[in-house]
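Please look through the model below before reading on. The paragraphs that follow take it part by part.

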Amino acid sequence: MSGDARGITLRPGIHLVASGPLGLSHPLDCHAYLAETSAGPYLIDAGVDPAATAVRANITGLGYALSDLRGILVTHAHADHAGGVRALADASGAPVFADAAELALLAEGSDEALGLRAAKENGTYPRDYVYPHFTGGHALSEGWSSGPGDRVLTAMPTPGHSPGSTCFRLDTPGYRALFSGDTLFLGGFISVLNIDGSDPGVYRRSLPRLGELAVDGLFPGHYLFAVHGGQSHIDLTLERLRKSVLPNVALSWLPYPQL
């Protein structure tokens with residue numbers, strides 16, 4: 001890894017531009033990534049900050065103009081992943097892409113539907129946090145991709161954590177990465193929440209599509225990420241998911257799940 005607190009390059013063409021735990025941006029931010037494709041850079045998730053101040057600075061600190069963004073890809077609409085979407089879309093002019101169910105939440109989801117009410121009650125979010133709704137996004141179709149070339153992002157619907165959770169696969173010469181949002185994490189964990197829209201039954205049906213991808217890098221929205229050996233974490237998740245007790249990250253005593 002390399003960086004100077006203005007974004008971190010994890011490997012060529014994959015950059016970390018938000019992370020609360022790593023001190024790159026707002027403390028409640030997920031990991032958000034900038035992925036270079038043949039069509040140009042795409043931002044994957046946007047953090048919680050309604051102004052997205054640090055995320056914008058981290059992108060430009062890597063040498064990109066905000067206007068360079070070809071799109072903002074939203075893994076799901078929960079605040080820590082999508083609170084900055086409106087500010088970044090306004091600042092860059094980039095189109096926003098998400099599953100149709102997540103676009104509906106992004107546009108008009110209530111605090112209850114977004115899981116914010118519970119998060120405020122348990123102290124995760126301040127009581128006065130206001131979710132910045134955004135309209136005008138584009139619904140991801142099955143198999144959406146960033147276009148032709150040798151560096152291509154492809155959408156992979158994986159509902160379960162939320163109604164329209166989506167992973168994004170990046171294929172490059174000799175290297176494949178998966179940006180998994182909150183769908184799965186290193187160490188073989190998933191994230192079922194005690195809120196509407198988070199469904200373990202849907203999880204069991206959607207996750208097998210991530211098997212046999214031969215993923216090198218696994219870049220989730222929280223905890224550790226793997227630059228190599230990512231598929232082993234996916235396979236462990238699928239193995240655990242076949243058992244009677246869900247491998248839920250919230251039940252793990254490990255602050256950073258690992259093998």
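Residues 251–259 are where pLDDT stays under 50. For that stretch the model has 17 contacts beyond four places in sequence. The structure is a predicted model, and the protein chain as a whole averages a pLDDT of 93. Of the residues, 94% score at least 70.

Strands 2, 3 and 4 can be taken together. Strand 2 covers residues 8–11 and is joined to strand 3 by three bridges, the two running antiparallel. Within this pairing, I8 stands opposite L16 of strand 3. Two residues separate strand 2 from strand 3, and the two strands form a hairpin. G13 lies in the turn of that hairpin and has a positive phi of about 85 degrees. Strand 3 spans residues 14–18, and five of its five residues are buried. Strand 3 is also joined to strand 4 (residues 32–37), here by four bridges, and again the direction is antiparallel. L16 has Y33 as its bridge partner in strand 4. L16 therefore appears in both pairings, opposite I8 in one and with Y33 in the other. In a regular strand, side chains alternate between the two faces of the sheet.

Another set of strands lies further along the chain. An open sheet is formed by four strands in the order 9-10-11-12, with mixed pairing. Its edge strands are strand 9 (152–157) and strand 12 (217–220), each of which pairs on one side only. From one strand to the next, the twist averages 20 degrees. Inside this order, strand 10 (residues 166–172) and strand 11 (residues 175–181) run antiparallel and are joined by five bridges. One facing pair is T172 and Y175, the latter in strand 11.

Helix 7 is linked to this sheet through its buried residues, since what covers them includes strand 11 and strand 12, along with helix 6 (200–206). Helix 7 runs over residues 230–241, twelve in number. From its first C-alpha to its last it reaches 17 Å, close to the 16 Å expected at 1.5 Å a residue. The buried residues of helix 7 are G230, Q231, H233, I234, L236, T237, L238 and L241.

Why does the structure hold zero disulfides? A disulfide is a covalent bond between the sulfur atoms of two cysteines. The cut-off used for such a pair is 2.5 Å. For C30, the closest cysteine sulfur is that of C167, and at 13 Å it is too far for a bond. Taken from C167, the closest cysteine sulfur is in C30, also 13 Å away and therefore too far. Burial is a separate matter: C30 counts as buried because its relative accessibility is 0%. C167 counts as buried as well, likewise at 0% relative accessibility.

The last stop is G83, which sits in the loop between helix 2 (79–82) and helix 3 (85–92). Is G83 buried or exposed? G83 is buried, because its relative accessible area is 0%. Leaving aside neighbours within four places in sequence, G83 is in contact with G47, V48, D49, P50, H78, Y129 and P132. V245 is 162 residues from G83 along the chain, and their C-alpha atoms are separated by 32 Å.

Note on methods: Residues numbered from 1 in each chain as written. Predicted model: local features only at pLDDT ≥ 70, side-chain atom pairs only at ≥ 80, totals over all residues. Heavy atoms only, no water. pLDDT = per-residue confidence, 0-100. Contact = heavy atoms within 4.5 Å. Pairing = 2+ DSSP bridges. Axes fitted to C-alpha atoms, helices over the stretch in contact; angles between N-to-C directions. Expected span 1.5 Å × (residues − 1). Buried < 20%, exposed > 50% of the residue type's maximum accessible area, 1.4 Å probe, protein only.
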